[in-house]
Amino acid sequence: MNGFYRFPEIRHRNKVGSRKQLAKVLEECSEAYDAHNDWSIETALYCSGGWALENVVEARDAYGMELMDVIHAAETVLRMEFSETEVEMLRDAVERKNREMGYYGAAAGEGGAGCTAPA
Ligand SMILES: [Mg+2]
């Protein structure tokens, strides 16, 4: 494992086509989206006094795990399509592009009024 990847390489990755693995990324994104909805619902119920905090925590953890599934699935496609050197260059290029677009810097105006689920 090089310095870029967060997860170990999956077994049999060469038996799965990269396009099929890319579809897996989409599937995991959909699961993350659904998990975020579940978390939002649990948070709203908790804030209205009608639900237990543990449900919010559980839903938040599930959402986080789905996001990790997205990363893992995307890492697998990167391993299929690019060398480790290319991946490092691509990562740097994306960071540079996003920096030029002003995506990084001090966060301003985040948060809001009302009940939010505890982290
Ligand atoms: Mg998943």
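Two residues are in contact if their C-beta atoms, placed from the backbone, lie within 7 Å. With that definition in hand, I should like to present this structure, which is a predicted model.

Let me begin with the helix α1. What covers the buried residues of α1 includes α2. The buried positions in α1 are Ala35, Trp39, Glu42, Thr43 and Tyr46. This helix has 30 residues, and from its first C-alpha to its last it reaches 43 Å, close to the expected 44 Å. After α1 comes Gly49, whose phi is positive, near 85°.

I turn now to α2. This helix contains 29 residues and also spans 43 Å between its first and last C-alpha, close to the 42 Å expected at 1.5 Å a residue. Its buried residues are Val56, Ala59, Tyr63, Glu66, Ala73, Glu75, Thr76 and Arg79. The cover over these residues includes α1.

Where, then, do we find the largest nonpolar core? That core has 6 residues in all: Ala35, Trp39, Tyr46, Val56, Ala59 and Tyr63. The elements that contribute two or more residues to this core are α1, residues 18–47, and α2, residues 53–81. As a general point, nonpolar side chains tend to be buried together in soluble globular proteins.

Let us look at one member of the core, Ala59. Which residues does Ala59 touch, if we leave aside those up to four places away in sequence? They are Asp38, Trp39 and Glu42. Of these, Trp39 belongs to the core as well, and both Trp39 and Glu42 are among the buried residues of α1.

Definitions and conventions: Residues numbered from 1 in each chain as written. Predicted model: local features only at pLDDT ≥ 70, side-chain atom pairs only at ≥ 80, totals over all residues. Core = buried A, V, L, I, M, F, W, Y, C linked by C-beta atoms within 7 Å. Buried ≥ 20, exposed ≤ 12 C-beta atoms within 10 Å, placed from the backbone. Helix = DSSP H or I, 4+ residues; strand = E, 2+ residues; numbered from the N terminus. Expected span 1.5 Å × (residues − 1).
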